[in-house]
Amino acid sequence: EKFREGLTKTRDSFVGKMNDLVKNYRKVDEEFFEELEEILISADVGVHTVMELIDELKDEARTRNIREAHDIQPLITEKLAELLEGAEGETKLKVQEDGLTVILFVGVNGVGKTTTIGKMAHKFKQEGKKVLLAAGDTFRAGAIEQLEVWGQRVDVDVIKQQAGSDPAAVMFDALQAAKSRNADILLCDTAGRLQNKVNLMKELEKVKRVITREIPGAPHEVLLVLDATTGQNAMSQAKTFGQATDVSGIILTKLDGTAKGGIVLAIRHELDIPVKFVGLGEGMDDLQEFVPEQYVHGLFA
Ligand code: GDP
């Protein structure tokens, strides 16, 4: 239900345009497909993905002998669902059964990284886990305080040093604290300045190395946080981070704030990294596991 609600803007714009399309073009012809292509591209589905989708739709429509525009809707839904299909269970977080799970959050400033860490801490706490936060963004003014505000809100401790200190040292402290306090989950914030990409990527690598040295097999997840409202910018951020570090999953924030929720399809299809969670609002309960079927049904059902 929450998922459906969060997709309201996308659904209204997408479905509205689809309805107009079916009204204006009774027949499934070349013009129909051109119009459909435009609708999908304007929803940020991504040009490559759209081209592929349209080709498949044309083939299938021919094979199944679909000629009337209103008959093609189920086929479109089916094809969109196929685009989101990935390996079984790929959208699930890799949480350790025993011992500490370390999750590293990466992403550009402003995408909603701090908020997402707060929401995730809340989610794990509700599951009865012992959670700690690591204030690894020592660069951006106010980043540590902002994480502390979330820590207080969801009643979780934040391990920090002063602004400007070495993020790898903060991470070392946080790992020791997590071990000595028997924490289940350590959620690590990182810097998101992109003014000096090379520098930032080196910093992330160093942070990762410290984590792996202290806890073999960790970090168990490297989650890239992307802002759904930024469209193609989000795609290029994913490429930048993806080249520099092993991203194991994507969290797409602010899906509630965009009519262009098609970005989910572009990310899944063109980057081949699973979307694991979506942000559907600013509150602590507004983080949802991403379930592909729910997404497609949330759009059309
Ligand atoms: P950071 O710089 O990446 O840490 O970004 P913040 O966590 O400070 O978030 C930036 C802004 O986006 C804040 O005003 C958040 O409340 C807002 N925000 C984060 N996630 C979501 C979301 O899923 N939906 C909406 N509508 N706003 C969000």
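At 44% relative accessibility, Val 47 counts as partly exposed, a label that applies because this value falls between the 20% and 50% limits. The model discussed here is a predicted one. Val 47 has its place in helix H4, and together with Ile 41 and Met 51 it makes a nonpolar patch of about 220 Å² on the surface.

A short step back along the chain brings a rather contrasting residue into view. Val 45 sits in the loop that links H3 to helix H4, the latter spanning residues 47-63. With a relative accessible area of 0%, Val 45 is buried, since anything under 20% is classed that way. What, then, does Val 45 touch, once residues up to four places away in sequence are not counted? The partners are Leu 40, Val 50, Gly 262, Ile 263, Leu 265, Ala 266 and Glu 270. A link across the sequence also shows up in the backbone: Val 45 and Lys 260 are separated by 215 residues in sequence, yet their C-alpha atoms lie 7.9 Å apart in space.

Several of these contacts lead on to helix H11. This helix covers residues 263-271 and is mostly covered, with seven of its nine residues buried. The buried set consists of Ile 263, Val 264, Leu 265, Ala 266, Ile 267, Arg 268 and Leu 271. Among the residues of this set, Ile 263, Leu 265 and Ala 266 are touched by Val 45. Just after H11 comes a backbone detail worth a look in the viewer: Asp 272 adopts a positive phi of about 60 degrees.

Charged residues offer two further settings. On the surface, a patch of negative charge is formed where Asp 29, Glu 31, Glu 34, Glu 35 and Glu 38 gather. One of its members, Asp 29, is found in the loop between helix H2 (8-24) and helix H3 (30-42). Asp 29 has a relative accessible area of 32% and is therefore partly exposed; this value also clears the 30% threshold that patch residues have to exceed.

Is the charged residue Lys 79 buried or exposed? Lys 79 belongs to helix H5, which runs over residues 73-84, and its relative accessible area is 7%, so it is buried. Leaving aside neighbours within four places in sequence, Lys 79 is in contact with Leu 53, Glu 56, Leu 57 and Glu 60. These partners fall within the 47-63 span of helix H4, the helix that also holds Val 47.

Key
Residues numbered from 1 in each chain as written. Predicted model: local features only at pLDDT ≥ 70, side-chain atom pairs only at ≥ 80, totals over all residues. Heavy atoms only, no water. Buried < 20%, exposed > 50% of the residue type's maximum accessible area, 1.4 Å probe, protein only. Helix = DSSP H or I, 4+ residues; strand = E, 2+ residues; numbered from the N terminus. Patch = residues over 30% accessible without salt bridge, like charges linked within 9 Å, V, L, I, M, F, W, Y side chains within 5 Å. Areas by Shrake-Rupley, 256 points an atom, 1.4 Å probe, with all protein chains shown as cover. Salt bridge = Lys/Arg side-chain N within 4 Å of Asp/Glu carboxyl O. Lys, Arg positive; Asp, Glu negative; His and termini not counted. Charge placed at Lys NZ, Arg CZ, Asp CG, Glu CD. Contact = heavy atoms within 4.5 Å.
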